[in-house]
Amino acid sequence: MRVISGKIRGTKLIAPVGLNTRPTTDRIKETLFNIINFDLQNCNFLDLFSGSGQIGIEALSRGAKKAVFVEHDKAAYLVLEENLCKTRLQNSTKTYKMDITEALINIKLKNEQFDIIFMDPPYYYEALDQIVDFIVEKDILIKGGKLIIENATDATQITKNSLILVKEKIYTTTKLSIFER
């Protein structure tokens, strides 16, 4: 795993050991950032189910102003912290080691809003629909902002009146859906 582009291009990142996380492949990551590249400059980026933090770190490397990471798994969180130290990006970040619902409530209480939200939940995550509802209803994603969901190719698609599916890329086992609010 490495940072593909930007100010810390080429930096090698570590991944959590075991099968609890599923790092985004370089191919999918490159496609994602080619699509959102022009939206990254000075944006606020939220990386949910962040694992090693590679997506939020890539966003910061490419010009995001701030990235917030949410990861509940202890081993993954320690790797995330190590990757942030290695890249020296801690001054542009905030991390939450807690359940996704609790983290989103904290984010709302601080009135934080994001231009781009990336979610890579476990495939077939049962509460995904409720999380998306909370993000939209509580204005955590700004109007005109992008919500990106990485999920299984055959997972049920999110459909919300306030979100427009602007792009979808389907790979062998992974679907990348990009919505705009």
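**Sheet, helices and a cavity: a Q&A**

Mentor: Let's start small: Asn 44 stands opposite Lys 66 in β2. Bear in mind that this is a predicted model.

Trainee: Okay, so how many bridges join β1 to β2, and which way do the two strands run?

Mentor: Take β1 as residues 44-48 and β2 as residues 66-70. Strands of a sheet can pair either parallel or antiparallel, through backbone hydrogen bonds. Here the count of bridges is 5, and the strands run parallel.

Trainee: Which strands stand at the edges of the sheet?

Mentor: Walk along the open sheet of 7 strands, where pairing is mixed and the order is β3-β2-β1-β4-β5-β7-β6. An edge strand here has a single partner, so one of its sides is left without a neighbour in the sheet. That description fits β3 (93-96) and β6 (164-170).

Trainee: And by how many degrees are neighbouring strands turned against each other on average?

Mentor: Ignore direction for this one and stick with the sheet of 7 strands. The average turn between neighbours is 15 degrees.

Trainee: What angle does the direction of α3 make with that of β3?

Mentor: Helix α3 covers residues 74-87 and packs on the sheet, where β2 and β3 are the strands touched. Its direction and that of β3 make about 170 degrees.

Trainee: Are α4 and α5 roughly parallel or roughly antiparallel?

Mentor: The axes of α4 (residues 100-109) and α5 (residues 128-137) come within 11 Å and cross at roughly 0 degrees. Angles under 35 degrees count as roughly parallel. The two helices are therefore roughly parallel.

Trainee: How many nonpolar, polar and charged residues does that contact have?

Mentor: On the α4 side you'll find Ile 100, Leu 104, Ile 105 and Lys 108, and α5 brings Ile 131, Phe 134 and Ile 135. Sorted by class, that's 6 nonpolar, no polar and 1 charged.

Trainee: Last one: which elements give two or more residues to the lining of the largest cavity?

Mentor: The whole-structure search finds 1 cavity of 30 Å³ or more, and the largest cavity has a volume of about 50 Å³. Its lining includes Leu 128, Ile 149, Asn 151, Lys 175 and Ser 177. The elements you're after are β5 (141-152) and β7 (174-180).

Note on methods: Residues are numbered from 1 along each chain as its sequence is written. This is a predicted model: local features need pLDDT of at least 70, side-chain atom pairs count only at pLDDT 80 or more; totals for chains, interfaces and linings use all residues. Side-chain values use heavy atoms; hydrogens and water are left out. Axes are lines fitted to C-alpha atoms, for helices over the stretch in contact, and angles run from 0 to 180 degrees between N-to-C directions. Helices (H or I, at least four residues) and strands (E, at least two) are DSSP runs, numbered from the N terminus. Angles under 35 degrees count as roughly parallel, over 145 as roughly antiparallel, 65 to 115 as roughly perpendicular and the rest as oblique. Contact means heavy atoms within 4.5 Å. Ala, Val, Leu, Ile, Met, Phe, Trp, Tyr, Cys and Pro count as nonpolar, Asp, Glu, Lys and Arg as charged, and the others, Gly among them, as polar. On a 1 Å grid over the protein atoms alone, a cavity is a set of points where a 1.4 Å probe fits but cannot get out, and a pocket is an open set with protein on both sides within 12 Å along at least five of seven lines; lining residues have an atom within 4 Å of a point. Grid points are joined across faces, edges and corners, and a volume is the space filled by probe spheres set on the points. Two strands pair if DSSP finds at least two bridges between them.
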